[in-house]
Amino acid sequence: MNFNQITMLSKMKNAMETFRRNHPKFPLFLNAVSQDALVEGTIIEINVTTPEGKNYCTNVKLKSSDLELMETLKNINS
């Protein structure tokens with residue numbers, strides 16, 4: 001790993017810590033979901049509303065092939 005990669009990882013870690021401080025309930029929500037909701041057939045829906053009121057919405061229905069990615073993402077936080 002080179003110096004730039006180490007620096008980037010450090011910045012990401014600091015940004016994650018700041019995000020957790022700013023939004024303490026969100027990691028708790030993700031933890032609860034990851035305990036039993038990430039199974040084949042689960043629908044993950046994301047809504048984004050801008051300050052002007054514009055709304056973006058999408059969803060994905062988890063397939064068995066998606067679960068490995070979800071497991072990897074869970075382990076990043078460990």
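How many residues apart are E17 and K13 in helix α1? They sit 4 residues apart, so about one helical turn separates them. The views below all come from a predicted model.

**Close-up 1. E17 and K13 pair up on helix α1.** Here the side chains of E17 and K13 meet in a salt bridge, at 3.4 Å from N to O. Both residues belong to helix α1, which covers residues 3-22. As for cover, E17 is partly exposed because its relative accessibility is 31%, while K13 counts as exposed at 53%. Side chains of opposite charge can pair when their charged atoms come close. If you go hunting for salt bridges, the count comes to 1.

**Close-up 2. A nonpolar patch on the surface.** M1, I6, M8, L9 and M12 together make this patch, which comes to about 550 Å². Pick out L9, one of its members, and you are looking at a residue of helix α1. With a relative accessible area of 44%, L9 is partly exposed.

**Close-up 3. L62, tucked away in a loop.** Follow the chain past β2 (55-61) and you get to L62, in the loop that leads to α3 (67-76). L62 is buried because its relative accessible area is just 3%, against a cut-off of under 20%. Leaving aside residues up to four places away in sequence, L62 touches L38, V39, E40, G41, T42, I44, L67 and M70. For a sense of scale, zoom out to F3: it is 59 residues from L62 along the chain, and the C-alpha atoms of the two are separated by 37 Å.

Terms used. Residues are numbered from 1 along each chain as its sequence is written. This is a predicted model: local features need pLDDT of at least 70, side-chain atom pairs count only at pLDDT 80 or more; totals for chains, interfaces and linings use all residues. Side-chain values use heavy atoms; hydrogens and water are left out. Helices (H or I, at least four residues) and strands (E, at least two) are DSSP runs, numbered from the N terminus. Buried means under 20% relative accessible area, exposed over 50%, partly exposed in between (1.4 Å probe, protein chains only). Contact means heavy atoms within 4.5 Å. A salt bridge is a side-chain nitrogen of Lys or Arg within 4 Å of a carboxyl oxygen of Asp or Glu. Patches are made of residues with over 30% relative accessible area and no salt bridge: like charges are joined within 9 Å, nonpolar side chains (Val, Leu, Ile, Met, Phe, Trp, Tyr) within 5 Å. Accessible areas come from the Shrake-Rupley method with a 1.4 Å probe; for residues, only the protein chains shown count as cover.
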